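Let's take a walk through a protein fold together. Have the picture open while you read, and look up each spot as we get to it.

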Amino acid sequence: MGKATGFMEYARAAAPYRDANARLRDFREIYTEPDAGRLAKQGARCMDCGVPFCQSNDGCPIHNLIPEWNDLIYRNQWREALDRLHKTNNFPEFTGRVCPAPCEGACVLGITDPAVTIKDIEMAIADRGFEEGWIVAEPPSRRTGRRVAVIGSGPAGLAAAQQLNRAGHTAVIHERADRIGGLLMYGIPNMKLDKVEIVERRLSLMREEGVEFRVNAPVGDGSGGSIDARELAKEYDAVLLATGATVPRDLPIPGRDLDGVHYAMDFLTRNTRSLLDSNLADGNYISAKDKDVIVIGGGDTGTDCIGTALRHGCKSLVNFELLPQPPATRAAHNPWPTWPVIFRTEYGHQESAAKFGKDPRVYLISSTEFVARSDGRAGAGGGNGTGSGGRRLAGIRTVDVELKDGKFESVPGSEREWPADLVLLAMGFVRPEHEVSDALELDYDQRGNYLAEYGKYRTNAENVFAAGDCRRGQSLIVNAINEGREAAREIDRFLMGSTELP
């Protein structure tokens with residue numbers, strides 16, 4: 001390493017977000033401009049590890065060459081750092097923004113000191129590459145004449161399509177939504193990942209490279225206006241399913257049908273679509289303005305709901321979490337280099353504290369019933385997403401719980417009722433939808449995911465492959481990109497008999 005003692009000389013200094021009160025007034029990205037001097041020092045903190053665990057499966061599923069580009073940033077060799085980054089990662093401008101950075105959890109320095117700011121450096125390298133014009137379209141020099149249909153345009157589908165295109169095949173992405181990007185476009189809010197400046201910028205390059213995009217193109221059994229998956233399998237030399245895990249986990253307690261209870265992804269998707277279509281002027285979104293909002297679920301999606309509801313101008317906000325508050329440092333059963341399950345304050349929690357004066361999270365709490373309005377008034381219905389004219393939500397009843405011998409038990413006398421005009425269910429996803437897979441008569445694993453062996457990605461259908469969350473279950477963007485890349489490699493091998501794709 002260029003600065004062998006850097007980790008002893010420099011403290012961790014992560015890039016700050018924009019001021020919380022200021023960023024609540026818009027949907028622009030929360031990040032500040034990178035400081036090259038600070039990043040050089042952070043790169044210098046990277047140790048000359050005997051084994052860089054940041055590149056391991058626990059650290060980085062796509063095996064980014066992290067120590068190499070950390071050293072290059074310390075040496076101010078940005079172009080070379082970008083080349084190293086692109087060897088393993090198709091979309092570092094995405095992962096640098098929205099990946100939770102398991103690489104930092106596996107950083108060797110993190111055993112005794114705060115880890116290297118790997119995620120900050122990755123994002124800065126990618127953004128510098130675009131600013132300098134180093135990242136350009138790279139169409140293949142030859143075409144093989146083989147065509148591959150990719151179903152789904154999230155990170156797995158996009159990564160696979162780009163790799164297949166680089167191998168000379170024609171990749172055609174079918175997306176049921178009105179915009180390409182899947183989770184990147186509609187599942188992650190604009191303040192974390194700008195759709196025009198960041199997502200569309202990469203999609204434009206892929207179009208120049210020859211990847212074909214088809215929107216409003218749902219694939220299923222051919223009914224209801226969908227494209228028949230069986231016909232696609234006949235028309236194309238290979239088909240890759242990258243549909244994601246899109247069936248949300250529900251909360252089937254009394255009152256679930258009340259107007260005002262929504263899945264988190266419906267809330268986030270409609271907000272982003274309206275933001276892109278009209279800057280929210282069309283009203284075609286689920287508004288949290290002047291409402292008492294409760295978010296159920298403590299992951300990234302829950303945080304995104306918090307940030308979005310705050311920008312709408314909610315009256316109050318509470319975030320329920322069934323699990324206990326994580327410890328400040330690793331527990332004994334959570335050793336390095338596994339992902340550290342520790343207490344973190346994310347951007348949405350900062351913003352809620354800035355507006356309401358406290359962290360929104362409540363731990364060890366279980367919801368028991370959604371409560372209807374007692375005055376009999378119905379939901380307003382219409383384009384603002386407040387319901388369809390049925391009974392209207394007024395609140396939610398809960399009970400505190402405690403963990404005993406690994407099981408949750410209710411705490412006697414802890415029943416409470418919380419006011420709520422809007423409840424957002426952000427409890428994760430259970431499996432992919434089955435319209436496409438049923439049409440193709442695919443096999444499933446025990447959780448309802450498409451059955452395809454890891455590393456091979458072949459389903460039981462002759463020329464049909466599966467990758468990403470639809471195969472492995474809900475996971476990280478880096479796992480999706482990795483599976484998309486590896487599936488492209490196996491499809492190339494299937495089509496050509498051998499492959500040079502990584």
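In which loop is Asp405 found? Asp405 belongs to the loop between β13 and β14. Keep in mind as we go that this is a predicted model.

**A hairpin and its turn**

Strand β13 covers residues 393-404, strand β14 covers residues 407-410, and the two run antiparallel, joined by four bridges. Along this pairing, Leu403 sits opposite Phe408 in β14. Together β13 and β14 make a hairpin with two residues between them. Asp405 is in that turn, and its phi is positive, at about 55°. Asp405 is not a glycine, yet it has this positive value. Is Asp405 buried or exposed? With a relative accessible area of 81%, Asp405 is exposed, because the cut-off for exposed is over 50%.

Asn216 is another residue to look up here: its phi is positive too, about 50°, although Asn216 is not a glycine. You'll find Asn216 in the loop between β3 (212-214) and β4 (219-220). At 54% relative accessibility, Asn216 counts as exposed.

Here are four residues with their places and accessibilities:

| Residue | Where it is found | Relative accessible area |
|---|---|---|
| Asp405 | loop between β13 and β14 | 81%, exposed |
| Asn216 | loop between β3 and β4 | 54%, exposed |
| Thr170 | strand β2 (residues 170-174) | 17%, buried |
| Ala229 | helix α12 (residues 229-235) | 4%, buried |

**Two buried residues**

What does Ala229 touch? Leaving out neighbours within four places in sequence, Ala229 is in contact with Val219, Gly220, Val436, Ala439 and Leu440. Ala229 counts as buried because its relative accessible area is 4%, and buried means under 20%. Now try finding Asp304: Ala229 and Asp304 are 75 residues apart in sequence, and their C-alpha atoms are 33 Å apart in space.

Thr170 is buried too, at 17% relative accessibility. Not counting residues up to four places away in sequence, Thr170 touches Arg143, Arg146, Arg147, Val148 and Glu212.

**An open sheet**

Next, look for the open sheet of five strands, which has the order β8-β16-β9-β10-β11 and parallel pairing. Its edge strands are β8 (261-263) and β11 (361-363), and each of these pairs on one side only. On average, neighbouring strands of this sheet are turned by 25° against each other, if you ignore direction.

Strand β10 (residues 316-321) is joined to β11 by three bridges, and the two run parallel. In this pairing, Glu321 stands opposite Tyr363 in β11. Over at β8 and β16 (422-425), helix α13 (residues 264-278) lies across both strands, running at about 75° to β8.

There's also a cis peptide bond to spot: the one from Trp336 to Pro337, with omega near 5°. Pro337 is in the loop between β10 and α15 (347-356).

**Two helices crossing**

Finally, how do α3 and α8 pack? Helix α3 (residues 36-44) and helix α8 (residues 118-131) meet at an angle of about 130°, and their axes are 10 Å apart. That angle makes α3 oblique to α8. The crossing of α3 and α8 is left-handed. On the α3 side, the contact is made by Arg38, Leu39, Gln42 and Gly43, while α8 brings in Asp120, Ile121 and Ala124. Sorted by type, the residues of this contact of α3 with α8 come out as three nonpolar, two polar and two charged.

Notes
Residues are numbered from 1 along each chain as its sequence is written. This is a predicted model: local features need pLDDT of at least 70, side-chain atom pairs count only at pLDDT 80 or more; totals for chains, interfaces and linings use all residues. Side-chain values use heavy atoms; hydrogens and water are left out. Two strands pair if DSSP finds at least two bridges between them. Axes are lines fitted to C-alpha atoms, for helices over the stretch in contact, and angles run from 0 to 180 degrees between N-to-C directions. Contact means heavy atoms within 4.5 Å. Buried means under 20% relative accessible area, exposed over 50%, partly exposed in between (1.4 Å probe, protein chains only). Angles under 35 degrees count as roughly parallel, over 145 as roughly antiparallel, 65 to 115 as roughly perpendicular and the rest as oblique. A crossing is left-handed if the near helix is turned anticlockwise from the far one by less than a right angle, and right-handed if clockwise. Ala, Val, Leu, Ile, Met, Phe, Trp, Tyr, Cys and Pro count as nonpolar, Asp, Glu, Lys and Arg as charged, and the others, Gly among them, as polar.
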